[in-house]
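Colleague: Please give me a close look at a single side chain and its contact, and then carry the account on to the surroundings. I should like each term explained once as it arises.

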Amino acid sequence: MLFLLLAMLFSAVLAMVLKYLNTSSPYGVFFFNYITCTVLAFAAMEPRTLYNGDFTPCWLGGITGLIYLASLSANGYSIHKNGAILSSVFTRLGVLVPIVVSVALFGERPTALQGLGVALAVAAAVVMNGLPGRSHDSAAGTRIYLVPLVLTLLLNGAADAMSKVFTQLGRRQDDGLFMFYIFLFAGLATLVLLVKEHRPLTARDLLFGVLAGVPNFLSSRLLLAALTRLPAFLVYPSYSVGVILVISVASFLFFHERLNTRQLGAAAMILAALVLLNL
C-alpha cells in the first residue's frame with residue numbers, strides 16, 4: 001500500500017507541473033520528459049544492462065511506450081474536438097480498461113463491496129471533472145465527436161493496463177528494464193513527431209521536461225511495484241481518484257483554490273470509494 005500512496009503523491013506532483021505548462025505545442029516537453037525518465041530508469045536498474053536474458057521487457061515496453069504517446073495525442077485531439085471537460089471525463093473512465101483486463105484475463109475477483117468501491121470511484125472521477133453543458137468550452141459547439149472520446153478512453157486505459165500485463169508475463173528482476181524501454185520508445189516516437197513537424201526544442205521545454213520527468217518516472221515505477229503486490233481492481237481506481245484527491249488538497253493548501261459544492265461531493269465520494277476498495 002505504501003508504493004500505491006507514493007505513486008499517487010508523485011503523480012499529483014506531475015499533474016501540478018503540467019497544469020502550469022500552458023503551451024499549445026507540448027511535444028518538446030514530452031520529449032525531455034521521456035528522456036529524463038529513460039535516464040532515471042537506466043540509473044535505477046540493477047544490473048545496468050539492455051538485455052537480461054528475456055525479450056519481454058523490450059517488446060512489451062516498446063509497445064507500451066508507443067501507446068503512451070498515442071494516448072497523449074488522442075487526448076489532445078479530443079480536447080480540440082470536444083473541449084477539455086468531456087475529454088477529461090473519458091480520460092478518467094479509461095480506468096475501466098485495466099480493471100476489465102485484470103478480471104477477464106487474469107482471474108482477479110473483487111468482493112461485492114470492492115466492486116461497489118470501483119463503481120463509486122469511477123462516478124467520483126466523472127463528478128469531479130463535471131459534465132459539459134451548453135455554456136462550457138467546446139471546439140464544436142454542442143456537437144460531440146464520439147471517435148476521439150472512445151480513442152481517449154481506450155488508449156489511456158490500455159497504457160495503464162500494460163503494466164498489469166507485464167506483471168503477469170515478465171520477471172520481477174526485469175521491472176526496471178521494462179520501464180526503461182517504455183520511456184525510450186516513447187521518447188524516440190516523440191522525436192520523430194518533432195522532426196516531422198519541424199518544431200525546435202527550447203530551454204523552457206528542457207526545464208519543464210525535467211520537472212515533469214522526475215515525478216513521472218517515480219509514479220510509474222511505484223505504480224508497477226504496487227501492481228506486483230495488490231490486485232489491479234484495487235490499485236487502478238484507488239490511484240485514479242487518489243491523485244484527484246491529493247491535487248484538490250494541494251490546490252486548496254498551497255494555491256488557495258476552493259472546491260465548489262459538486263467537487264466537495266466528489267471528494268466525499270472518493271473517500272468512501274477508497275474505504276470500500278480496501279475492505
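Modeller: A polar atom in the side chain of glutamine 114 lies 3.4 Å from the backbone oxygen of leucine 277. This is a polar contact, a term for two N or O atoms within 3.5 Å; within protein, one must be able to donate a hydrogen and the other to accept it, and residues adjacent in sequence count only if both atoms are side-chain atoms. The model is predicted, so local features need pLDDT of at least 70 and side-chain atom pairs count only at pLDDT 80 or more, while totals for chains, interfaces and linings use all residues. Residues are numbered from 1 along each chain as its sequence is written, and side-chain values use heavy atoms, with hydrogens and water left out.

Glutamine 114 belongs to helix α6, residues 112-129; helices (H or I, at least four residues) and strands (E, at least two) are DSSP runs, numbered from the N terminus. Its relative accessibility is 10%, and therefore glutamine 114 counts as buried. The classes are buried under 20% relative accessible area, exposed over 50% and partly exposed in between, with a 1.4 Å probe and protein chains only. Glycine 115, also in α6, is partly exposed because its relative accessible area is 30%. From glycine 115 to alanine 12 the C-alpha distance is 25 Å, and the two are 103 residues apart in sequence.

The loop that leads into α6 contributes to one of the four salt bridges in the structure, a salt bridge being a side-chain nitrogen of Lys or Arg within 4 Å of a carboxyl oxygen of Asp or Glu. Here glutamate 108 meets lysine 164, with 2.7 Å between the closest N and O atoms. The two residues are 56 apart and link distant parts of the chain, since glutamate 108 is in the loop between α5 (96-106) and α6 and lysine 164 is in helix α7 (residues 146-169). Both ends are buried, glutamate 108 at 12% relative accessibility and lysine 164 at 3%.

A further salt bridge joins arginine 172 to aspartate 175, at 3.0 Å from N to O. Arginine 172 is partly exposed at 34%, whereas aspartate 175 is buried at 5%.

Helix α8 (residues 175-197) holds tyrosine 181 and phenylalanine 185, which are four residues apart and therefore separated by about one helical turn. The expected span of a helix is 1.5 Å times one less than its number of residues. For the 23 residues of α8 this gives 33 Å, and the end C-alpha atoms are 34 Å apart, which agrees.

Aromatic rings deserve a separate word. The whole structure contains nine aromatic pairs. In one, tyrosine 51 and phenylalanine 55 have ring centres 4.8 Å apart and planes at 40°, so the pair is tilted. In that pair, tyrosine 51 is partly exposed at 42% and phenylalanine 55 is exposed at 57%. Tyrosine 181 and phenylalanine 185 form another tilted pair, 6.3 Å from centre to centre with 50° between the planes. Rings of Phe, Tyr and Trp (its six-membered ring) pair if their centres lie within 6.5 Å; planes under 30 degrees apart count as stacked, over 60 as edge-to-face and the rest as tilted. Tyrosine 181 is buried at 9%, while phenylalanine 185 is partly exposed at 28%. Both belong to one aromatic cluster with Phe42 and Phe180.

Just after α8, histidine 198 takes a positive phi of about 55°. Most residues other than glycine have a negative phi, and most peptide bonds are trans. Histidine 198 is in the loop between α8 and α9 (203-227) and is exposed, with a relative accessible area of 70%. A salt bridge of 2.8 Å, N to O, connects arginine 199 and glutamate 197; arginine 199 is partly exposed at 27%, as is glutamate 197 at 37%.

The backbone has another feature to record: the peptide bond between glutamate 46 and proline 47 is cis, with omega about 0°. Proline 47 is found in the loop between α2 (27-44) and α3 (56-82).
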